[in-house]
Amino acid sequence: ELGAGFLVDRGYPVVMVGYNRSGLYAVHSDDEGGAYGLTQHFVALGHRRIGVINGPDGNLAMEARWRGYAHALHDAGLEPDMQLVVNGDFTGKAGYEAAEYLMGKPDKPTAIFAFNDSMAMGAIRWLHEHDYHVPNDVSVAGFDDVPSAEDFNPPLTTVHQHSYDLGLRAVDALIDVIDGKSPRISESVVPTYLVVRRSTAALKRN
């Protein structure tokens with residue numbers, strides 16, 4: 001946002017891809033809706049203890065994903081267990097360390113929702129190295145649907161973002177700004193959708 005403000009102050013046309021607090025025109029994915037749908041997927045599979053690997057504090061996309069997660073739990077008659085929430089920095093290393101933390105809890109999660117794919121993959125690596133089977137012992141899902149998600153072992157359940165549509169809408173809005181017109185809308189939200197692969201499965205009942 002500081003960079004955008006610098007450009008605006010100097011008269012450059014600016015459209016944000018992502019969230020912003022500065023009143024600029026913005027285009028972003030439906031992070032809240034995507035997280036809501038993925039959490040519903042876990043609940044439908046029978047999971048109630050769903051660990052979360054969140055992103056850094058203050059990240060608006062992560063806040064939206066948290067709202068979607070919490071809203072889906074609430075609609076299912078559940079509430080987030082803050083003992084099963086850990087923040088990461090979007091890296092595989094953060095996901096690896098978060099899985100160690102979560103699985104060290106006395107009442108372990110049966111599912112882990114990482115708020116990006118890299119952290120989900122890091123969590124799966126830790127689980128594999130410590131003899132947990134994904135998804136038979138622990139289901140894991142991410143967010144973003146990066147190109148490697150489909151080829152990961154196991155292929156990763158995740159939320160797909162339409163990068164092309166994000167770029168297209170941002171360019172359309174920027175052209176309006178360059179032409180001296182206000183974009184037709186001040187905020188454009190691009191839908192996401194759930195991609196179910198083999199890293200999630202129904203909870204095994206003992």
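The questions and answers below walk through a predicted model, moving from its strands to its aromatic rings and then to its loops.

Q: Which residue in β5 stands opposite V52?
A: Strand β3, covering residues 50-54, is joined to β5 by four bridges, and the two strands run parallel. Within this pairing, the residue of β5 that V52 faces is F113.

Q: Which residues of strand β5 point one way, and which the other way?
A: In a regular strand the side chains alternate between the two faces of the sheet. Strand β5 spans residues 111-114, and its residues are all buried. I112 and A114 point one way, while the other way is taken by A111 and F113.

Q: What is the handedness of the β-α-β crossover from β5 to β6?
A: Strands β5 and β6 run parallel and are joined by three bridges, with V140 of β6 as the bridge partner of I112. Between these strands the chain passes through helix α5, residues 117-129, and the crossover is right-handed.

Q: Are the rings of W66 and Y69 stacked or tilted?
A: A pair of aromatic rings is described by the distance of the centres and the angle of the planes. A search of the whole structure finds four aromatic pairs. For W66 and Y69 the ring centres lie 5.2 Å apart and the planes meet at 45°, so this pair is tilted.

Q: Where do W66 and Y69 lie, and is Y69 buried or exposed?
A: Both residues belong to helix α3, residues 60-75, where they are three residues apart and therefore separated by about one helical turn. W66 has a relative accessibility of 21%, so it counts as partly exposed. Y69, by contrast, has a relative accessible area of 2%, which makes it buried.

Q: How are the rings of W126 and Y132 arranged, stacked or tilted?
A: W126 is buried at a relative accessible area of 7%, whereas Y132 is partly exposed at 22%. Their ring centres are 6.0 Å apart with the planes at 25°, and because planes under 30 degrees apart count as stacked, the pair of W126 and Y132 is stacked.

Q: Which residues form one aromatic cluster with W66?
A: The cluster includes Y69, which lies with W66 in helix α3, and F113, which lies in strand β5. The residues that form this one cluster with W66 are Y69, F113 and F115.

Q: What is the distance of the polar contact between D144 and Q161?
A: D144 is placed in the loop between β6 (139-141) and β7 (158-160). Not counting residues up to four places away in sequence, D144 touches several residues, among them R65, N116 and Q161. The side chains of D144 and Q161 are joined by a polar contact of 2.5 Å.

Q: Which residues are joined to P135 and P154 by a cis peptide bond?
A: Most residues other than glycine have a negative phi, and most peptide bonds are trans. P135 is found in the loop between α5 and β6, and P154 in the loop between β6 and β7. The cis bond at P135 has an omega of about 15° and that at P154 an omega of about -5°, and the residues joined to them are, in turn, V134 and N153.

Q: What is the phi of D131?
A: D131 lies in the loop between α5 and β6, and its relative accessible area of 71% makes it exposed. Although D131 is a residue other than glycine, its phi is positive, near 65°.

Definitions and conventions
Residues numbered from 1 in each chain as written. Predicted model: local features only at pLDDT ≥ 70, side-chain atom pairs only at ≥ 80, totals over all residues. Heavy atoms only, no water. Polar contact = N/O pair within 3.5 Å; in protein donor to acceptor, adjacent residues only side chain to side chain. Contact = heavy atoms within 4.5 Å. Phe/Tyr/Trp six-rings, centres within 6.5 Å; stacked < 30°, edge-to-face > 60°. Buried < 20%, exposed > 50% of the residue type's maximum accessible area, 1.4 Å probe, protein only. Pairing = 2+ DSSP bridges. Right-handed = clockwise from strand over helix to strand, strands pointing away.
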